[in-house]
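Colleague: I have a few questions about this model, if you have a moment. Could we walk through it together?

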Amino acid sequence: GAEVYYTPENNIEIYSRGVRPVTDTIHCGESGLSARLFIPIAALCDAEITITGSGSLLQRPMKEYLKVLPQLGVSILETSDCLPLSVKGPLQPGEIAIDGSVSSQFLTGLLMAYGFTTTETVTIHVNNLNSKPYIDLTLQMLQYYGIPVLNHYYGAFTLSEAVFSFGTPVTIDIEGDWSAAANFVVAKAIAGDIFIHHLNYESIQADRAIMDVVNNTNSSFDFDATDFPDLFPILSVYAGYCKGVSRIKGLHRLVHKESNRIESIKAMLENFAVTFSIEEDTLVIKGGQTFRSCTIDSFNDHRIVMAAAIAALKADGPVTISGAEAVSKSYPGFFQALSSLGVDCQLVN
């Protein structure tokens with residue numbers, strides 16, 4: 001029910017009086033974040049709303065909401081642990097405990113819903129929270145709206161009575177995206193100087209951590225990517241070019257992404273003829289190798305597309321990426337940006 005306007009100054013203006021749905025269906029495409037945000041937000045109203053999507057999103061788990069939303073007065077009509085999912089509220093914020101091991105996005109959605117509706121002090125308890133930097137971003141966003149959340153060392157989050165008025169104007173500057181930029185940070189490390197603009201080097205975005213890994217000597221590294229799973233594809237490429245043996249920990253976080261990234265990263269490295277092994281939860285890559293000319297299956301995963309394209313910069317011949325259009329999920333202009341650097345990018349039918 002919000003009104004959204006795009007201005008000539010490249011701003012987005014949003015006018016809202018709260019959740020007042022004008023449709024009974026929200027289609028989230030293949031965005032897991034969108035689905036996990038909008039399920040509890042849709043549950044704030046007393047109308048039945050169906051959240052659905054397409055492609056791999058229909059296989060991504062939503063089970064945590066099936067457990068906690070009924071505790072908050074929300075009726076759920078579901079046929080499985082995945083989308084489509086129909087909810088009917090209104091959600092009543094209350095004391096709950098959730099599992100944060102699969103995704104921090106469940107907590108983000110609940111914090112958003114609680115933040116604007118809580119009428120008394122409540123606490124969300126969280127077990128095994130992963131991707132903590134993304135929760136830092138959530139808390140920062142709520143702070144912009146004057147909604148403080150007390151963080152008890154990522155094990156519990158306490159909110160007080162909501163004080164935000166929907167008539168209060170808020171201005172937010174959106175930072176450049178470190179997840180997208182990480183690909184060009186690696187491109188600079190392996191292929192030559194690139195100037196990347198509009199990034200906040202003090203950002204609390206999770207994937208700012210790429211700067212803690214990439215160095216000018218291209219030496220091997222050990223990195224725990226448990227809280228930074230989106231860096232896994234491009235770090236696996238970087239490791240292949242580094243001197244020595246690199247170790248990237250956190251494979252268990254990769255199963256429920258746009259693809260099963262354990263399998264899609266393995267397939268990418270095998271096709272590039274990069275030597276690697278898996279030791280429990282760690283991907284071990286022997287670096288200093290020549291990436292061979294090949295065809296890469298994207299598995300309809302935007303981050304595999306971008307990682308493969310960066311790997312191609314120093315391959316021994318052309319690289320074809322099937323399903324490269326998946327890049328539009330997060331970075332529609334990726335290949336235009338790559339072309340602007342002098343890379344020959346050709347669309348093949």
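**A loop, a sheet and a core**

Modeller: Happy to! Let us start with E30, which lies in the loop between β3 (25–27) and α1 (32–42). Keep in mind that this is a predicted model.

Colleague: How far apart in space are E30 and S56, C-alpha to C-alpha?

Modeller: In sequence, 26 residues separate E30 from S56. Their side chains make a polar contact of 3.2 Å. From C-alpha to C-alpha, the distance between E30 and S56 is 6.4 Å.

Colleague: Which residue has a side chain joined to that of E30 by a polar contact of 3.0 Å?

Modeller: Not counting residues up to four places away in sequence, E30 touches S54, G55, S56, L57, R60, E258, N300 and K329. The polar contact with S56 is 3.2 Å, so to speak of 3.0 Å is to speak of another partner on that list. The residue at 3.0 Å is K329.

Colleague: Now to the sheet. What is the order of the strands in the open sheet of 4 strands?

Modeller: Let us build the order from the pairs. β11 (residues 222–224) and β12 (residues 245–249) pair in the parallel sense over 3 bridges, while β12 and β14 (residues 282–286) are antiparallel over 5 bridges. A further 4 bridges join β13 to β14, again antiparallel. The pairing is therefore mixed, and the order is β11-β12-β14-β13.

Colleague: Which are the edge strands?

Modeller: An edge strand here pairs on one side only. Neighbouring strands of this sheet are turned by 15° against each other on average, direction ignored. The edge strands are β11 and β13 (276–279).

Colleague: Which residue of β14 is the bridge partner of S246?

Modeller: On the β11 side, D222 stands opposite R247, and F223 stands opposite I248. On the β13 side, F276 stands opposite a residue of β14, namely I285. The bridge partner of S246 in β14 is also I285.

Colleague: Along β12, which side chains point to one face and are buried?

Modeller: The side chains of β12 alternate along the strand. V245, R247 and K249 point to one face and are not buried. Pointing to the other face, and buried, are S246 and I248.

Colleague: Which residue in the turn between β13 and β14 has a positive phi?

Modeller: β13 and β14 form a hairpin, with 2 residues between them. β14 itself is mostly covered, as 4 of its 5 residues are buried. The residue in the turn with a positive phi, about 55°, is E280.

Colleague: Why is α7 described as largely enclosed by the rest of the structure?

Modeller: Helix α7 (residues 232–241) belongs to a right-handed β-α-β unit with β11 and β12. It packs on the sheet, touching β11, β12 and β14, and its direction makes about 30° with that of β14. The buried residues of α7 include F232, L235, Y238 and Y241. α7 is largely enclosed because the number of its residues that are buried is 10 of the 10.

Colleague: At what angle does α8 run to β13?

Modeller: Helix α8 covers residues 261–271. It lies across β13 and β14. Its angle to β13 is about 155°.

Colleague: How many residues are in the largest nonpolar core?

Modeller: The members that touch the most others are I210, F221, F223, L231 and F272. Among the residues that F221 touches are V213, L235, Y238, A239 and I248. A second, separate core of 41 residues includes A35, I39, C45 and L142. The largest core has 58 residues.

Colleague: Finally, is D230 buried or exposed?

Modeller: D230 sits in the loop between β11 and α7. Not counting residues up to four places away in sequence, D230 touches Y134, D207, K257, R261 and R303, and a polar contact of 3.2 Å joins its side chain to that of R261. Its relative accessible area is 16%, and the cut-off is under 20%, so D230 is buried.

Notes
Residues numbered from 1 in each chain as written. Predicted model: local features only at pLDDT ≥ 70, side-chain atom pairs only at ≥ 80, totals over all residues. Heavy atoms only, no water. Buried < 20%, exposed > 50% of the residue type's maximum accessible area, 1.4 Å probe, protein only. Pairing = 2+ DSSP bridges. Right-handed = clockwise from strand over helix to strand, strands pointing away. Core = buried A, V, L, I, M, F, W, Y, C linked by side-chain atoms within 4.5 Å. Contact = heavy atoms within 4.5 Å. Polar contact = N/O pair within 3.5 Å; in protein donor to acceptor, adjacent residues only side chain to side chain. Axes fitted to C-alpha atoms, helices over the stretch in contact; angles between N-to-C directions.
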